[in-house]
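Hi everyone, thanks for coming. I'd like to walk you through a structure I've been looking at this week, so have a look at the screen.

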Amino acid sequence: MNMAIQRPRNSCARAMGIANGHHGEILQGIFVDENGRRHRGLITLAFPYVQSAAWAARSATPGVEFSPMARKKAHRAAMLFLRKHLKRGEGVSVQVGSNIPMGLGLGSSTADVVAAVRACARALRCSISPTEIFEIAVQAEEASDGTMFQGKARLVAHREGRVLETFAKRLPHFGLVSFNAAPDRPVDTICFEPARYDEDEVGEFQELVRMAARAIATDDAALLGQIATRSAIINERFLPQPHFREVLEFSQCSGGLGVQVAHSGRVVGIMVASDIDVRRLKRLLGGLREIGFLPTYYPATDVAA
């Protein structure tokens with residue numbers, strides 16, 4: 001995942017937008033608002049180790065020149081923004097690059113979208129809020145992660161472009177042992193059918209989000225790990241991850257804080273204390289290799305949003 005993002009020629013003369021990827025979610029499910037309405041929502045785990053970047057510049061040619069065209073969602077998002085802000089006869093060229101693999105749950109589409117819109121806004125010298133970017137992202141993607149928001153953690157309705165709850169602080173700090181659970185089986189998020197939770201699960205999600213608010217307010221990474229694990233277990237029946245039970249048991253017996261997954265992707269993480277003992281960390285990495293995974297450890301400073 002540590003791949004350089006290829007910059008376009010003459011990029012110094014262009015406005016630049018950058019957006020982080022994510023490492024799946026801490027919590028994902030259905031949540032009930034104060035009016036009794038139900039919303040599909042999630043708490044994203046930001047992962048700045050992977051990013052998308054976009055460059056935009058005014059052009060003498062009217063209209064929008066976008067590359068690469070294969071990044072259709074970012075193209076759609078740029079068009080949605082530029083239709084509102086680009087005057088007749090004006091032109092903009094946009095290029096997007098990324099080091100985020102697709103289909104793993106690392107937020108490649110949303111990162112492309114956010115980077116492209118940020119670059120376009122800077123090129124046209126327009127101010128745009130994270131909330132506006134979120135709304136555009138949902139229009140462009142159908143469902144978007146919440147990585148355009150920085151600072152305080154948020155529960156977002158990812159299919160509506162709406163923030164359901166803003167928490168007191170950032171997520172607590174913790175280390176992450178990350179691995180790809182199925183390198184040969186990426187997930188097509190467009191074709192992936194939304195989970196159908198039963199009433200008991202919907203009720204449990206309400207308790208889990210209350211627990212999340214408490215974990216964030218008190219910087220309790222261990223409690224956050226319990227929440228992530230329970231969310232992973234509930235969603236396991238909708239997208240089974242290879243050797244999930246083994247990973248869960250291994251995390252519990254090795255002192256991990258919890259297991260965190262991409263609910264529509266293939267990355268899995270074992271959350272660990274930010275001051276984990278080196279010998280324990282080596283045992284954890286070695287055990288995952290014995291199962292057949294290729295884990296990478298990211299310290300708490302690399303996982304923080």
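I'll go through a few strands, a cavity, the cysteines and a couple of single residues. One thing up front: this is a predicted model.

Let's begin with strand S9, which covers residues 267–272. How many of its residues are buried? The count is 6 of 6, so S9 is mostly covered, with buried here meaning under 20% relative accessible area. If you follow the side chains, Val267, Gly269 and Met271 point one way, while Val268, Ile270 and Val272 point the other way. Here's the general idea behind that: in a regular strand the side chains alternate between the two faces of the sheet.

Now, which strands does S9 pair with? One partner is strand S7, residues 175–180, and the two pair in the antiparallel sense over 6 bridges. If you want one pair to look for on screen, Val177 has Ile270 in S9 as its bridge partner.

Another partner is strand S8, which is joined to S9 by 4 bridges, again running antiparallel. S8 and S9 make a hairpin, with 5 residues between them. You can trace the pairing at Gly258, which stands opposite Met271 in S9, and at Val261, which stands opposite Val268. S8 itself takes in residues 258–261, and both of its faces are covered. On one side you have Gly258 and Gln260, on the other Val259 and Val261, and all of these are buried.

Keep Val261 in mind, since it turns up again in the lining of the largest cavity. How many cavities of 30 Å³ or more does the structure hold? There is 1. The largest cavity has a volume of about 50 Å³. Besides Val261, its lining is made up of Ala232, Asn235, Glu236, Leu239, Gln241, Ala262 and His263. Sorted by class, the lining has 4 nonpolar, 3 polar and 1 charged residues.

Okay, cysteines. A quick reminder: a disulfide is a covalent bond between the sulfur atoms of two cysteines. How many of those does this structure hold? The number is 0. Why doesn't Cys120 have such a bond? Because the closest cysteine sulfur, in Cys126, is 9.7 Å from its own sulfur, and that is too far for a bond. Cys126 is likewise in no disulfide. As for their surroundings, Cys120 is buried, with a relative accessible area of 1%, whereas Cys126 is partly exposed, at 23%.

Two single residues to finish. Leu42 is found in strand S2, residues 38–59. Is Leu42 buried or exposed? Its relative accessibility is 2%, so Leu42 counts as buried. Leaving out residues up to four places away in sequence, Leu42 touches Glu25, Leu27, Gln28, Phe31, Asp145, Arg154, Leu155, Val156 and His158. Pro68 sits 26 residues from Leu42 along the chain, and their C-alpha atoms are separated by 30 Å.

Then there's Ser108, in helix H2, which spans residues 108–123. Ser108 has 10% relative accessibility, so it counts as buried too. What is Ser108 in contact with, once we set aside neighbours within four places in sequence? The answer is Ser52, Ile100, Pro101 and Met102.

That's my tour, so let's take questions.

How values were computed: Residues numbered from 1 in each chain as written. Predicted model: local features only at pLDDT ≥ 70, side-chain atom pairs only at ≥ 80, totals over all residues. Heavy atoms only, no water. Buried < 20%, exposed > 50% of the residue type's maximum accessible area, 1.4 Å probe, protein only. Contact = heavy atoms within 4.5 Å. Pairing = 2+ DSSP bridges. 1 Å grid on protein atoms, 1.4 Å probe; cavity = no way out; pocket = protein on both sides within 12 Å on 5 of 7 lines; lining within 4 Å. Points joined across faces, edges and corners; volume = space filled by probe spheres on them. Nonpolar A, V, L, I, M, F, W, Y, C, P; charged D, E, K, R; others polar. Disulfide = S-S within 2.5 Å.
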